[in-house]
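Q: I am new to this structure. Please take a close look at one helix, and then show me what else can be said about the parts around the model.

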Amino acid sequence: MKADLNKFPELNKTKFENRGKDLRLGIPVINSVVIGNSIAVGFGDGTIRIFKAGQSSEPIKAHNGIVLCISKDGDDIITGGDDGRFLRISLNGEISEIANFGSRWVDHVTANNGSLVCTSGNNVYLWMAGRKEPKILEHESTIGGVAFDSKGRRLAVSRYGGVTLWKKDYSNKWKSSNLLWKGSHNKVIFSPDDRYLVTSMQENQLHFWRLKDKTDSTMSGYGTKVKSFAFVHDTKFLVTSGSNDAVCWPFDGIGPEGRQPICLPFVGNKLVTFVEPFPNENAIFTGLSDGSVFLSEIEKSSNTIIIRSFTESEVTTISVTEDGSSILIGDMAGNILWTSIWDEENK
Amino acid sequence: MDSNKQVPVTVLTGFLGAGKTTLLNRILTEQHGKKYAVIVNEFGEQGIDNDLVVDADEEVFEMNNGCICCTVRGDLIRILSGLMKRADKLDAIIVETTGLADPAPVAQTFFVDQDVADRTKLDAIVTVADAVHLSSQLTDHHEAEEQIAFADVVLLNKIDLVDESGLEAVKERIRKINPFAKIINTTKCGVSLNEILNLDAFSLKRVLEVEPDFLESDHDHEHDDDVTSLSFVSDSPLDMEKFQDWFSKLLQTKGQDILRTKGILDFTGESDRYVFQGVHMLMDASPMGKWPEGKVRSSRLVFIGRNLENMNLKEGFENCKSA
């Protein structure tokens, strides 16, 4: 099923929709996280749902208001909410409270290699393995995002004016250094090889630092804020939302500076709102502002197939199971598609 | 963007002790059948506890877009974007600011951030003022002047504690700074919520209803307030090109001193009325339909700000008239 870029997608459902679970929940989908071959989804009514192959998913009441953020710690789900709670939820749905900040929101959560992090306002709360009380890392402004490097030895904290990079030395003390760039920085990620740090900004652009020599540069040209971006598995490309195309910046060799990105176009000139790499492929899933989702090969843009037709609501999350067999798509209006990617005969 | 889908946001300003907390408690506890979220500041007044109260740090930051006076409230962008993801829709959001905060970055947030502008709209700036202490606050703190200058509604509270002449004097002073704010007299913030919420004061349609005293200009500078207002009216049509040229240069160079502007303009050769309003150098403008039949076409322009007398506003406006 190849999409003809000169034609609007057909109104009827795709084969992926026909064979999958197509749920109309009516509750905004905030984000999702992959744990092995299960996918946990956070919603705007404080519930989460855990999707496993061949099982139905029941809502689990986690937060009082909104699940603001969702991530994982090993095989557990971790979430933060506007009820000020930082929660750990097992894949069986058992909830335990890690911390409670009252009327202050828990904006970001992450974990790696035994270290557990949540942020509330200007502070990072960091639980080291085996410790009950968190270490508090203070910052001068509200935190826009947090990310561990692949080993969990460095923690990047984006904020107004740049990124604070915390590094654990061999006596397990955390020391900070600053990567500065004017403006407010939101989401932050490391490249999978830990060579680069990338942030999205309040302005319609991304910024990156090469950590080896702290050189930095801006990736701009977007029509809106870039809210979703990710490295495609082999780190060759950084794929980004925020434009009518999925914009893929080359991060091989000398990096993106002075080079043109590859732009993958889609039907109908809609805004790209979410991008997700296909595990172990040089391909990406792209979600648009009308709810449609496409799978494209980065260097063969003619090879694009439609996964979900439009729902009239912007795609807010796409997750693919670790084995690459199933995909979950969610949007702002609360529509969820949970389906297998491969046809039976190709399995 | 469909304005019905945008949640109205009321900005509530005023000095500590003026009565903001009393008002917020009323909004949160009265049986009005509506769902309101309130964003409060951690340095603000205590004593509000409710599921829909959000703690915020007033965090002003500059946009890195070359616009020097373009400051926004980063915490508001974060919280408003979060609130818009709620499953249950809010009827309105109220943002409390502390007494010493400049209201401009709050207002500018609604013009500058696309996500905020798409899903919410600035409804009105409501300033709670203490009838007893406002005069001395206006003299001592320029923030008090700004809060009056930006206001669409001034809730003049504690009027039971001043005599009639004192009340008239303080109202007179408010009108000098801001001739188009609606002044509501109250004791203990006893005002119907309909008079302060859902006013749509920032819509261009509302500008058409603004009728300040354009002709009355007895500017006795008895208090010598830093922030003042000036208004101009012209019955002869303006040249659009000349006006745009003058006005955009004016906002670019003096935008930091010009707090609010509103205007209805009659351009030569145009059958529609042009309406605009601005906060500092950010402006919203649009043609707003034909002139009403039988009414004289005229242009009117109001400025509220500092050092207005040094901007040659009258001369600049006169020069925009079609030759």
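A: What follows starts with one helix, then turns to a contact side, some strands and a few loop residues.

This is a predicted model; local features need pLDDT of at least 70, side-chain atom pairs count only at pLDDT 80 or more, and totals for chains, interfaces and linings use all residues. Residues are numbered from 1 along each chain as its sequence is written, while chains are lettered from A and ligands numbered from 1 in the order in which they are written.

Begin with helix H7 of chain B, residues 164–177. Helices (H or I, at least four residues) and strands (E, at least two) are DSSP runs, numbered from the N terminus. H7(B) has 14 residues. From first C-alpha to last, H7(B) reaches 20 Å, close to the 20 Å expected at 1.5 Å a residue. That expected span is 1.5 Å times one less than the number of residues.

Now look at which residues of H7(B) are covered. Val170(B), Ile174(B), Lys176(B) and Ile177(B) are its buried residues. Buried means that 20 or more other C-beta atoms lie within 10 Å of the residue's own; exposed means 12 or fewer, partly exposed is in between, and C-beta atoms are placed from the backbone. Down the axis of H7(B), the buried residues fall within an arc of 160°, so they line one face of the helix. The arc is that of the directions from the helix axis to the C-beta atoms. An α-helix has 3.6 residues a turn, so residues three or four places apart point the same way.

Turn H7(B) around. The face away from the buried side carries the exposed residues Glu164(B), Ser165(B), Glu168(B) and Glu172(B). What covers the buried residues includes helix H5 (134–140) and helix H6 (142–150) of chain B. Strands E8 (153–157), E9 and E10 (227–234) of chain B are also among the cover.

E9(B) leads to a loop residue. Asp200(B) lies in the loop between strand E9 (182–185) and helix H8 (204–207) of chain B. Phi of Asp200(B) is near 60°, a positive value in a residue other than glycine. Most residues other than glycine have a negative phi. Asp200(B) counts as partly exposed because it has 14 C-beta neighbours inside 10 Å. His280(B) also has a positive phi, near 50°. This residue sits in the loop between strand E12 (272–279) and strand E13 (282–290) of chain B. His280(B) counts as buried because it has 24 C-beta neighbours inside 10 Å.

Next comes the side of chain B that touches chain A. There, 19 residues of chain B are in contact with 26 residues of chain A. Contact means that the C-beta atoms of two residues, placed from the backbone, lie within 7 Å. Strand E3 (53–56), helix H2 (74–83) and helix H4 (114–119) of chain B each supply at least two residues of this side. H2(B) gives the most, with four residues. By class, this side of chain B has five nonpolar, five polar and nine charged residues. Ala, Val, Leu, Ile, Met, Phe, Trp, Tyr, Cys and Pro count as nonpolar, Asp, Glu, Lys and Arg as charged, and the others, Gly among them, as polar. H2(B) is mostly covered, with nine of its ten residues buried. Among these buried residues are Leu76(B), Ile77(B), Arg78(B) and Ile79(B).

Chain A offers strands. Strand E8 (residues 85–89) of chain A has four of its five residues buried, so it is largely enclosed by the rest of the structure. E8(A) pairs with strand E7 (residues 76–81) of chain A in the antiparallel sense over four bridges. Strands pair if DSSP finds at least two bridges between them. Thr79(A) has Leu87(A) in E8(A) as its bridge partner. E7(A) and E8(A) form a hairpin with three residues between them, and Gly84(A) in the turn has a positive phi of about 80°. Five bridges also join E8(A) to strand E9 (residues 95–100) of chain A, and these two run antiparallel. Here Arg88(A) stands opposite Ser96(A) in E9(A). This second hairpin has five residues between the strands, and its Gly93(A) takes a positive phi near 95°.

Finish with an open sheet of chain A. Its four strands have the order E1-E30-E29-E28, with antiparallel pairing. Strand E1 (21–24) and strand E28 (315–320) are the edge strands, each pairing on one side only. Strands E29 (residues 326–331) and E30 (residues 335–340) are joined by five bridges. Leu328(A) stands opposite Trp338(A) in E30(A).
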